[in-house]
Amino acid sequence: MADLEIKDLRVSVEDREILKGISLGISKGEVHAVMGPNGSGKSTLSNTLMGHPGYKVEGGEVLFKGKDILQLTPDARSRLGIFLALQYPVVVPGITMNNFLRTALNAHRGYDGKDKSKAVSPKEFRSLVEPHLETLKIEKSFLSRYINEGFSGGEKKRVEILQMAVLKPELAILDETDSGLDIDSIKYVSAAINQLRGPDLGVLIITHYTRILEFIKPDFVHVLVNGSFVLSGGPEVADLLEAKGYSEWVDEPAPAEEVSA
Ligand code: ADP
Ligand code: MG
């Protein structure tokens, strides 16, 4: 059994069925890409895996490390080792990046404000964060700013990957981390993800475009259209989409490269 097992998952949003019975297994060490046109259900999948309350599971199962996670709250899923980089990162005024990252790390370590031995020390915190700032080209001053407040689109996405680097998940779901990134940012983000890639991490890259897959080579590619997987295979599936787009399945213009800023 794979570390993440999705079996015949059906999900509705506001009484409309969006995911229509999808199955997927992801083991540590593997990178899977889920590609699909807009509105095909990609974010519904990522939000459901993380436990967003707006997405109603109508049927099927999701097991992580053999455990049924569908009843777990998002924070419990996070402590179990699942991480989601949001397609649209939210601004949280009043909470600094520093505070947020340290609190999240402490929560993962079971520090509840009492047993100080479990808390991450300022020195360890710096050693965990600073190397990634360099790879992701994030200025240190960002850590003293409120979460995402005034950050550009690209900065928000890089900060999502910083969170991933610090929390060291076993399963990382990246929901269109590449969208809205200029070419330099795609390179920084890909370099950071490639550094984190390895036998202890499974990755689910969700994307509309094939470009990020030139930098992060997936082991498997699955095409999601209208809530169902219509094609799965190796990296050659991404090449096929690069050439033909989604025109075989939907009325969508042939692939046009995203215009980079
Ligand atoms: P993708 O990420 O592939 O672009 P989504 O999963 O975001 O697609 O959306 C799939 C469908 O579900 C769309 O038709 C979208 O309008 C609908 N949907 C998703 N989330 C919501 C929501 N919170 N409220 C209403 N409709 C939603
Ligand atoms: Mg989406």
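**A walk through the predicted model**

T207 sits in strand 10, which covers residues 202–207. In this predicted model, the side chain of T207 reaches the backbone oxygen of Y209 at a distance of 2.9 Å. T207 has a relative accessible area of 0% and is therefore buried, since the cut-off for a buried residue is under 20%.

From this strand, the description moves to the bound ligands. The shell around ligand 1 holds 13 residues, and those that come nearest are R16, G39, K42, S43 and T44. By residue type, the shell divides into four nonpolar, six polar and three charged residues. Two elements, strand 2 (16–26) and helix 1 (42–50), each supply at least two residues of this shell. The largest share comes from helix 1, with three residues.

Backbone atoms of the protein also approach ligand 1. A polar backbone atom of S40 lies 3.2 Å from an oxygen atom of the ligand. For G41, a backbone N or O atom is found 3.1 Å from an oxygen atom of ligand 1. In the case of K42, the separation between a polar backbone atom and an oxygen atom of the ligand is 2.9 Å. On its own, ligand 1 has 560 Å² of accessible area, of which the protein covers 67%.

Ligand 2 is a magnesium ion, and two residues coordinate it: S43 through OG and Q87 through OE1, at 2.1 to 2.2 Å. This pair brings together distant parts of the chain, as S43 belongs to helix 1 while Q87 lies in the loop between strand 6 (82–85) and strand 7 (92–96), 44 residues apart. S43 thus appears in two places in this account, as one of the residues that come nearest to ligand 1 and as a partner of the magnesium ion. Is Q87 buried or exposed? Its relative accessible area is 13%, so Q87 is buried.

Attention turns next to the aromatic residues. How many aromatic pairs does a search of the whole structure find? The search finds one. The pair is formed by F142 and F151, whose ring centres are 4.7 Å apart and whose planes meet at 55°, so the arrangement is tilted. The angle matters for this label because planes under 30 degrees apart count as stacked and those over 60 as edge-to-face. Both partners can also be placed by their accessibility. F142 is buried, with a relative accessible area of 10%, and F151 likewise counts as buried, at 6% relative accessibility.

The last feature concerns the backbone between strand 1 and strand 2. E14 is placed in the loop between strand 1 (4–13) and strand 2, and its phi is near 45°, a positive value in a residue other than glycine. D15 is placed in the loop between strand 1 and strand 2 as well, and D15 has a positive phi of about 70° although it is not a glycine. Are these two loop residues buried or exposed? E14 counts as exposed because its relative accessibility is 76%, and D15, with a relative accessible area of 79%, is exposed too. Strand 2, which follows this loop, is one of the elements that supply residues to the shell around ligand 1.

Key:
Residues numbered from 1 in each chain as written. Chains lettered and ligands numbered in written order. Predicted model: local features only at pLDDT ≥ 70, side-chain atom pairs only at ≥ 80, totals over all residues. Heavy atoms only, no water. Near = heavy atom within 4 Å. Polar contact = N/O pair within 3.5 Å; in protein donor to acceptor, adjacent residues only side chain to side chain. Areas by Shrake-Rupley, 256 points an atom, 1.4 Å probe, with all protein chains shown as cover. Helix = DSSP H or I, 4+ residues; strand = E, 2+ residues; numbered from the N terminus. Nonpolar A, V, L, I, M, F, W, Y, C, P; charged D, E, K, R; others polar. Donors = N, O, S within 2.8 Å, 3.2 Å for Na, K, Ca; no water. Buried < 20%, exposed > 50% of the residue type's maximum accessible area, 1.4 Å probe, protein only. Phe/Tyr/Trp six-rings, centres within 6.5 Å; stacked < 30°, edge-to-face > 60°.
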